[in-house]
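Let's take a walk through a protein and the DNA it sits with. Have a look at the picture first, then read on.

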2 protein chains.
Amino acid sequence: MSSLVGTDSSELGRGARLPRSARRKQLLAAAQQVFVANGYHAAAMDDIAERAGVSKPVLYQHFPGKLELYLALLDTQAEMLGAAVNEALAATDDNRARIHGVLTAYFEFVDRSDGDGAFRLIFETDLGNDPAVRERVEAVAQQTMQAVADTVAGDTGLDRAQAELLSTALTGAAQVAARWWLAEDRPISQEDAVRLMESLLWRGISNFPRQGEAGH
Amino acid sequence: MSSLVGTDSSELGRGARLPRSARRKQLLAAAQQVFVANGYHAAAMDDIAERAGVSKPVLYQHFPGKLELYLALLDTQAEMLGAAVNEALAATDDNRARIHGVLTAYFEFVDRSDGDGAFRLIFETDLGNDPAVRERVEAVAQQTMQAVADTVAGDTGLDRAQAELLSTALTGAAQVAARWWLAEDRPISQEDAVRLMESLLWRGISNFPRQGEAGH
DNA sequence: ACCGCGTGGAGGTCAAGATCGGCGTGCTTC
DNA sequence: GAAGCACGCCGATCTTGACCTCCACGCGGT
């Protein structure tokens, strides 16, 4: 989605007025660029205002403070990842396809076509010690882990704690590998990467003894 | 190892002198507690000095600045994790046992008997945007990933990029699952957790088509 | 002309990293 | 025994970045 950021400073010039909702979107876009590039702590409201081509009081007209601005962006990203994961899980009853879908959701989340790097707000936040941030990041992780644990438990004879451990391992693998893949500038195609990881993880899951089977 | 922190403030009292090297160790112990609990940004040098029972100038006598103090701790943790992983890999030629060893190294790293939580400096740093910090964290990750990729490549017919992707997935799974396991207060024993994850990951790896085999 | 709205130049406030200038103790030397 | 030195230490303060706010401006609609 093309943001308003780049065009505003040049086309609108300083002091150019926007309707309130357009301005808010524009501020969010500018803030996202600065937070993604610098992290929360090294991002100054001055920098964000400058990037947006406005003065600082304008930021405070739309957001109570720096943290709220950050949380607004975080919420958007959390919602996007959560929705993608839910959609992947809901799309099929086949457990292997579900794993494939979740992996794809993670890879697509880090590699959105606009290349905005907003995944870092979720996966690489430097504000993880803030309760509001931690709550949001953990909520997405928890939601995904629980749903995948349902899948794992359904396909193995494992109890819930074991299923949750493996589910956490799976989502951890997805998150870290997707970020590595992007950082290494996509050494293999996303499709191949997802298929490879699905193979790794599904072979592992599907070869667990099922309910009632003797361990081998 | 019992630190000097707790005893110094009560037994030595304010202004109590220590030899330079003993003081440095004590300052590091105090700093670690504060950085682990609060993260880099929310940890103040005042807090660290107070925890150590000294004044702030004493910190600056031993460390050029806050960042250098943090890096000293980070280096120690990076060295410990790296050494544990190398030891696990060197202990056997059996690839499955190597995976087991690496997983164990991660779980033991997060769950050291002193419960100091120092793993957070590596796995949950809020200073990841600082070049010096990022370099150290990535060096450990890279070292582990390369070594495990050697194992993966040795046991599958995968090319290097594919092996590195799976290796990253494996170490990502280990890191995230070990932290979850600790945060959930060890819902299953460490041994069971490691065995379960080894099963997941090893079944996945060992069932890849080998060199020259047709894909099935 | 007035009002509402969106806006900005300037600055207040303060937390926190870092430093200044000096203190006190114990040992050595005369 | 006194003086000097080395070492480890600290109260007070400086400096500065950055969050947030004050107070007024300008434009467009009525």
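Sort the surface near DNA strand C by class and you get 10 nonpolar, 5 polar and 8 charged residues. Keep in mind as you read that this is a predicted model.

So who is on that surface? There are 23 residues around DNA strand C, and the ones that come nearest are Arg23(A), Ser55(A), Gln61(A), Arg17(B) and Lys66(B). On the DNA side, sugar and phosphate make up 57% of the strand C atoms that come within 4 Å of the protein.

Now zoom in on single contacts. Arg23(A) puts a polar side-chain atom 2.4 Å from a phosphate oxygen of DNA strand C. Ser55(A) uses its backbone instead: an N or O atom there lies 2.7 Å from a phosphate oxygen of that strand. With Arg17(B) the partner is a base nitrogen of DNA strand C, 2.5 Å from an N or O atom in the arginine side chain. Which elements give two or more residues to this surface? They are helix H2 (20-42) and helix H4 (56-62) of chain A, plus helix H4 (56-62) of chain B. The biggest giver is H4(A), with 4 residues.

On to the other strand. DNA strand D has 21 residues around it, with Arg17(A), Lys56(A), Arg17(B), Arg23(B) and Val58(B) coming nearest. Here sugar and phosphate account for 55% of the strand D atoms within 4 Å of the protein. By class, this surface divides into 10 nonpolar, 4 polar and 7 charged residues.

Here are some contacts to phosphate oxygens of DNA strand D:

| Residue | Protein atom | Distance to a phosphate oxygen of strand D |
|---|---|---|
| Tyr60(A) | polar side-chain atom | 3.4 Å |
| Lys66(A) | polar side-chain atom | 2.8 Å |
| Leu18(B) | polar backbone atom | 3.1 Å |

The elements that give two or more residues to the surface near strand D are H4 of chain A, along with helix H2 (20-42) and H4 of chain B.

Finally, let's visit a helix in chain A. Helix H9 (residues 160-183) has 24 residues and reaches 34 Å from its first C-alpha to its last, close to the 34 Å expected at 1.5 Å a residue. Is H9(A) mostly covered or uncovered? Mostly covered: 18 of its 24 residues are buried. At its start, a side-chain oxygen of Asp159(A) reaches to within 3.2 Å of the backbone nitrogen of Ala161(A). After H9(A) comes Asp185(A), with a positive phi near 60°.

Conventions
Residues numbered from 1 in each chain as written. Chains lettered and ligands numbered in written order. Predicted model: local features only at pLDDT ≥ 70, side-chain atom pairs only at ≥ 80, totals over all residues. Heavy atoms only, no water. Near = heavy atom within 4 Å. Polar contact = N/O pair within 3.5 Å; in protein donor to acceptor, adjacent residues only side chain to side chain. Nonpolar A, V, L, I, M, F, W, Y, C, P; charged D, E, K, R; others polar. Expected span 1.5 Å × (residues − 1). Buried < 20%, exposed > 50% of the residue type's maximum accessible area, 1.4 Å probe, protein only.
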